[in-house]
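Here is a protein chain to read through step by step. Look at the sequence and the fold before going on to the paragraphs below.

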Amino acid sequence: RLGFPILLALFGAGMLYGEGLITPAISVLSAVEGISEQNADFTHLVIPIAVVIIIGLFWVQRYGTGKIGSVFGWIMMLWFFALGVLGLLQTLENPAILAAVNPVHGIEFLLHHGRHGFFLLGSVVLCVTGCEALYADMGHFGKKPIRLGWFALVFPALILNYFGQGSLLLRDASAVAHPFFRMVPEWALYPMVGLATMATVIASQAVISGAYSLTRQAIQLGYCPRLAIRHTSEKEIGQVYMPWINWALLSAVVALVLGFKSSSALASAYGIAVTGTMAIDTLLLFLVITRIWKWGYLAGWAICGTLLLVDLAYFTANSVKIVQGGWFPLAIAAVVFTVIATWRKGRELLFERLRPGAIPIEPFIDSIAVHPPVRIEGTAVFLTAGREGVPHALLHNLNHNKVLHERVILLTVVTEDVPFVPDAQRIEMEDLGHAFYRMTVRFGFKDDPDLPAALDLPNPMGMTFSLMETSFFLSRQTIVPTRSAGMALWREKLFAAMSRNSASATDFFHIPTNRVVELGTQIEI
């Protein structure tokens, strides 16, 4: 059953997808809008240029984050260096701006301006958005590169640039429309627009990669239908590319650009997405602190209560913008939540329908021993989701072909709630007698579920597997929606559509297609 923490996590995942859509759109738009700062006649070119850039961004995703990073890493270093230099030059014009680092000024501002100061937090939060993407990047590059890049370059450059913008606004309040580009000398404006565009394209990579990783882990944990996954690095297992997710994101991002038309209009939607995700993360962190780390409820309330106070302040300040565009990430979260919950519930109903018709494995093997069919050379591996009962593919094969292989493996793949499972713990085996064996192969939710590679590992029975002598038998169910008590009819139809369009187990588990036999059946839910 889906408990409240799982439901909360699923909705948070939906909010993260919403942020993954908004980030490329608002980032690219805000950079390209710099051309109108030099010449207002170029304003009409902003949206077409942004759309072309976004299409190019998603087109290069197939090459993987590793190759993209190696090409654009130096550009990002130049970008942050430029941010720091521009900010430093403006700060030197008015060094008093450095006093802004004192939080007392922010508290005094809030106390003096009251309600208006509080709702200004809805704009202030945009200064810290993007930090949450650092955690998505950790899954691709590890902790050390992220920490080094942040403290040695990114954070100093950002804080200097914000000081510089503040210094400029103190001297020239008219620069409030585009303070960043107003800091740039006129001769350097177009090069800076180009550099900003490349930097925002690369920055969008973090949330796009995060969407791939999130979807992959949802598939492994059974919350999403199987989709095609391509590994883009031979060294880093976390670097993946998912074509379906990529083109779905592209379509939605282009629609956002055409619909909202400006970065300022998208800011309302962006604030809700980020602050909503942050608040849900804090609630889930409380469960981690109390249930996994065992720090106790006092520590959990002290840490998460403080964080939640900040998160909810930002979220409340942004909530007034729901009508202006904040509804979008909430709508995306609701759609993703519905899809994920429907898939999970549909799978539960499917297993419930299959369970009553299952034949217990022990009597079946005993009957085989009494009335043995013809046994042929080789190994037959029957993939089955449950450990109880005879796999339907085995029954169909025996019924139609009247033969069994000399060695029969009933194989179940289990995804553990850990990122990786060591090879030594990958395989469990049980001898069921009469050359029947039950095998359990365990993967972590970030492992690559490669069955042939797993079968090459040492196993408790000391068996060896030759792919040329092994046949894999899979059951493919065709879902027939009915007006049952399980789910609403529209959800059953949605589940049937997802089931039809999900990637085959053959591709997902890296099984050679010439070694696979699929046997289908219709199931009413």
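Is arginine 438 buried or exposed? Arginine 438 is buried, as its relative accessible area is 9%, and the cut-off for buried is under 20%. The model in which this value was computed is a predicted one.

Arginine 438 has a charged partner. Glutamate 430 makes a salt bridge with arginine 438, and their closest N and O atoms are 3.4 Å apart. Glutamate 430 itself is partly exposed, with a relative accessible area of 36%. The pair therefore joins a partly exposed glutamate 430 to a buried arginine 438.

A second pair can be read in the same manner. Aspartate 423 and arginine 426 form a salt bridge, with 3.1 Å between the closest N and O atoms. Aspartate 423 has 46% relative accessibility and so counts as partly exposed. Arginine 426, on the other hand, is buried, with a relative accessible area of 8%.

Next comes a pair that involves two strands. Arginine 476 and glutamate 518 meet through their side chains in a salt bridge, at 3.1 Å from N to O. This pair links distant parts of the chain: arginine 476 belongs to strand E7 (residues 470-480) and glutamate 518 to strand E8 (residues 516-524), with their positions 42 residues apart in the count. Arginine 476 counts as partly exposed because its relative accessibility is 32%. Glutamate 518 also counts as partly exposed, at 37% relative accessibility. Elsewhere, Glu416, Glu428 and Arg442 are joined into one network by salt bridges that share partners. In total, the structure holds 7 salt bridges.

From charged side chains the reader can turn to nonpolar ones. Leu78, Phe81, Val85, Leu88, Leu89 and Leu92 make a nonpolar surface patch of about 580 Å². One of these residues, leucine 78, lies in helix H4, which covers residues 64-93. Leucine 78 is partly exposed, with a relative accessible area of 47%. Patch members need over 30% relative accessible area, so leucine 78 at 47% passes that cut-off.

Serine 167 gives a contrasting case. Its place is in helix H8, made of residues 143-171. Which residues does serine 167 touch, not counting those up to four places away in sequence? They are Gln90, Thr91, Glu93, Asn94 and Ile97. With a relative accessible area of 0%, serine 167 is buried.

The whole chain can now be put around these details. The protein chain has 525 residues, and buried residues make up 45% of them. Its secondary structure comes to 19 helices and 8 strands. Along the principal axes, the C-alpha atoms fill a box of roughly 95 × 45 × 45 Å. Of the contacts in the protein chain with a separation of 6 or more, 78% are between residues 24 or more positions apart.

Two last values describe surface and charge. The protein chain has an accessible surface of about 26300 Å², and 65% of this belongs to carbon and sulfur atoms. Its side chains include 36 positive and 36 negative ones, and the centres of these two sets lie 5 Å apart.

Note on methods
Residues numbered from 1 in each chain as written. Predicted model: local features only at pLDDT ≥ 70, side-chain atom pairs only at ≥ 80, totals over all residues. Heavy atoms only, no water. Salt bridge = Lys/Arg side-chain N within 4 Å of Asp/Glu carboxyl O. Buried < 20%, exposed > 50% of the residue type's maximum accessible area, 1.4 Å probe, protein only. Helix = DSSP H or I, 4+ residues; strand = E, 2+ residues; numbered from the N terminus. Patch = residues over 30% accessible without salt bridge, like charges linked within 9 Å, V, L, I, M, F, W, Y side chains within 5 Å. Areas by Shrake-Rupley, 256 points an atom, 1.4 Å probe, with all protein chains shown as cover. Contact = heavy atoms within 4.5 Å. Lys, Arg positive; Asp, Glu negative; His and termini not counted. Charge placed at Lys NZ, Arg CZ, Asp CG, Glu CD.
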